[in-house]
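Trainee: Before we look at anything together, could you show me how to read a model feature by feature?

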Amino acid sequence: MAVPETAKSPDGRAWWTRADLGFRHGQLELSGRVLAELHRAAGGPLHVLSWPRVRAKLAALRGSLEAAGLDARILYAMKANRLEPLLTALALEDGCGIDACSPGEVALARACGFAPEAISVTLCAPSDADLRALLAHAGLWINCDGLGVLERVGRLSPGRAVGLRVNPGIGLGYGDNPALDYAGGRTTKFGVLPEQIETACAIARRHRLAITTLHVHAGCGYLNDQLDRLDQLVAAVLDLGGALEAPLERINIGGGLGVPLTPGDRPLELSAWAAVLAQRLAGRGLRLEVEPGAYLVQDAGVLVLQAVGSDWRGGRRVVYLDGGFNLAPEPAFYGLPCQPVRCRALEPDEPLYTTDVAGNINEALDLWASQQPLPEIRDGESVALLNVGAYGAAMASDHCRRGAFSHWLLTARSAS
Ligand SMILES: Cc1ncc(COP(=O)(O)O)c(C=O)c1O
């Protein structure tokens, strides 16, 4: 059944088109590279990440913080994408540090050129061995994610300054998806709760730890409609700062800045975002830290796969690709929208069909997209899955032994 294409912007282009991503001479290009050609050269599933796009996003973020008069440091959350050429390029960027979450990430960041002073670690369930490995990097900053971690850092390294990750019970996240909410209504495993602050202060006193940073990461993928909540979140964290015994020097608001994933989403307005932070922090003499992961890399990366067959089921067409959810798990794990695009441009008046796009993994959740208006996709054609530059390659697994893929960083050919 042919269907109308609904996801177009007023000028008739697809909603996801931008200066560095779109069709040229009938072929889908990212940063001046023809994706189908790169795909052919890779000879199998291909993750590509555009460095010009990442760099432009970093510059925009930095510019908005500076324009708002904030004393701020950007720490790239390397869990989003740890491609080594990316990390090496970021290490050469002025003032870009790293947010790491494990000794392995710290070791990789060091190997790619980041000094310990440029790395902040927020740990999730560290063992003593993890902590010892981290403490070997003199100058590294550690945020403790719970009372137990604080206690163990105190025992292993008394007398140091540390950060405390708090959970004030205000969450953020793409489309209010509870699975992406790290600090809202439901009890999550993250952060010290407001009623535990006193105990945290007692632990700090016992080990002569100075808690000089409060850290919060409230969720992933927030856009403009959640800026009010961001404001409440920062206010709540500042309130908790009043209960600390050492003077608060820094507030780290984690990551979570989102990118548009559907035609209805608008890009995050960075000036409005920075204004919220500037207003809350005005006159307090605090340094701000931000840990963007997805914001920098999600819309800079695509996964290119090959169509390997199609079928008709229940009035819909199903197109099968030679790569499954294990190569970019977020759509399946978190229900995030995924945009498939045929790498060959639409012909004039070419019909569109209601289409499901499925992968090659033996799991019911292995569906890239459902009921999308897509043109005919022939066997052997390249299909790009957009917005998978974050938590795609980084979370990939070898499930069903179908984990092989190439992962390339595109460097500048044309400005983004
Ligand atoms: C502590 C912390 N900081 C930063 C991030 C990066 O989040 P995002 O990629 O949504 O910006 C995460 C993601 O889980 C996180 O847990």
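Mentor: We will go through the domains, one helix, the ligand shell and two backbone angles, bearing in mind that this is a predicted model.

Trainee: Which domains does the assignment give, and how far apart do their C-alpha centres lie?

Mentor: The domain assignment gives domain 1 as 2-50 + 298-410 and domain 2 as 51-297, and the C-alpha centres of the two lie 32 Å apart. Their contact takes 23 residues from domain 1 and 22 residues from domain 2. On the side of domain 1 that touches domain 2, the elements giving two or more residues are strand E5 (46-50) and strand E20 (406-410), and the largest share, 3 residues, comes from E20. By class, that side of domain 1 divides into 13 nonpolar, 8 polar and 2 charged residues.

Trainee: How should I read helix H8, and what span should its 15 residues have?

Mentor: A helix can be checked by its length and then by its faces. At 1.5 Å a residue, the 15 residues of H8 (residues 227-241) should span 21 Å, and this agrees with the end C-alpha atoms, which are 21 Å apart. The buried residues of H8 are Leu-230, Leu-233, Val-234, Val-237, Leu-240 and Gly-241; because they cover an arc of only 120° around the axis, they are on the same side of H8.

Trainee: Against which elements do the buried residues of H8 pack, and which exposed residues does the face turned away carry?

Mentor: The buried residues pack against helix H7 (197-206), strand E11 (210-215), strand E12 (250-252) and helix H9 (270-281), whereas the face turned away from the buried side carries the exposed residues Asp-228, Ala-235 and Asp-239.

Trainee: Which residues come nearest to the ligand?

Mentor: A shell can be read by proximity and by class. There are 16 residues around the ligand, of which Ala-77, Cys-220, Gly-255, Gly-293 and Ala-294 come nearest, and the shell has 8 nonpolar, 6 polar and 2 charged residues.

Trainee: Where are Ser-31 and Cys-400 found, and is each buried or partly exposed?

Mentor: Each is worth reading together with its backbone angle. Ser-31, although not a glycine, has a positive phi of about 45°; Ser-31 lies in the loop between strand E3 (27-30) and strand E4 (33-34), and counts as buried because Ser-31 has 22 C-beta neighbours inside 10 Å. Cys-400, also not a glycine, has a positive phi of about 60°; Cys-400 is in the loop between strand E19 (382-386) and E20, and with 14 C-beta neighbours inside 10 Å, Cys-400 counts as partly exposed.

Notes: Residues are numbered from 1 along each chain as its sequence is written. This is a predicted model: local features need pLDDT of at least 70, side-chain atom pairs count only at pLDDT 80 or more; totals for chains, interfaces and linings use all residues. A residue is near a molecule or strand if its C-beta atom, placed from the backbone, lies within 6 Å of it. Ala, Val, Leu, Ile, Met, Phe, Trp, Tyr, Cys and Pro count as nonpolar, Asp, Glu, Lys and Arg as charged, and the others, Gly among them, as polar. Helices (H or I, at least four residues) and strands (E, at least two) are DSSP runs, numbered from the N terminus. The expected span of a helix is 1.5 Å times one less than its number of residues. A residue is buried if 20 or more other C-beta atoms lie within 10 Å of its own, exposed if 12 or fewer, and partly exposed in between; C-beta atoms are placed from the backbone. The arc is that of the directions from the helix axis to the C-beta atoms. Two residues are in contact if their C-beta atoms, placed from the backbone, lie within 7 Å. Domain bounds come from an automatic or database domain assignment.
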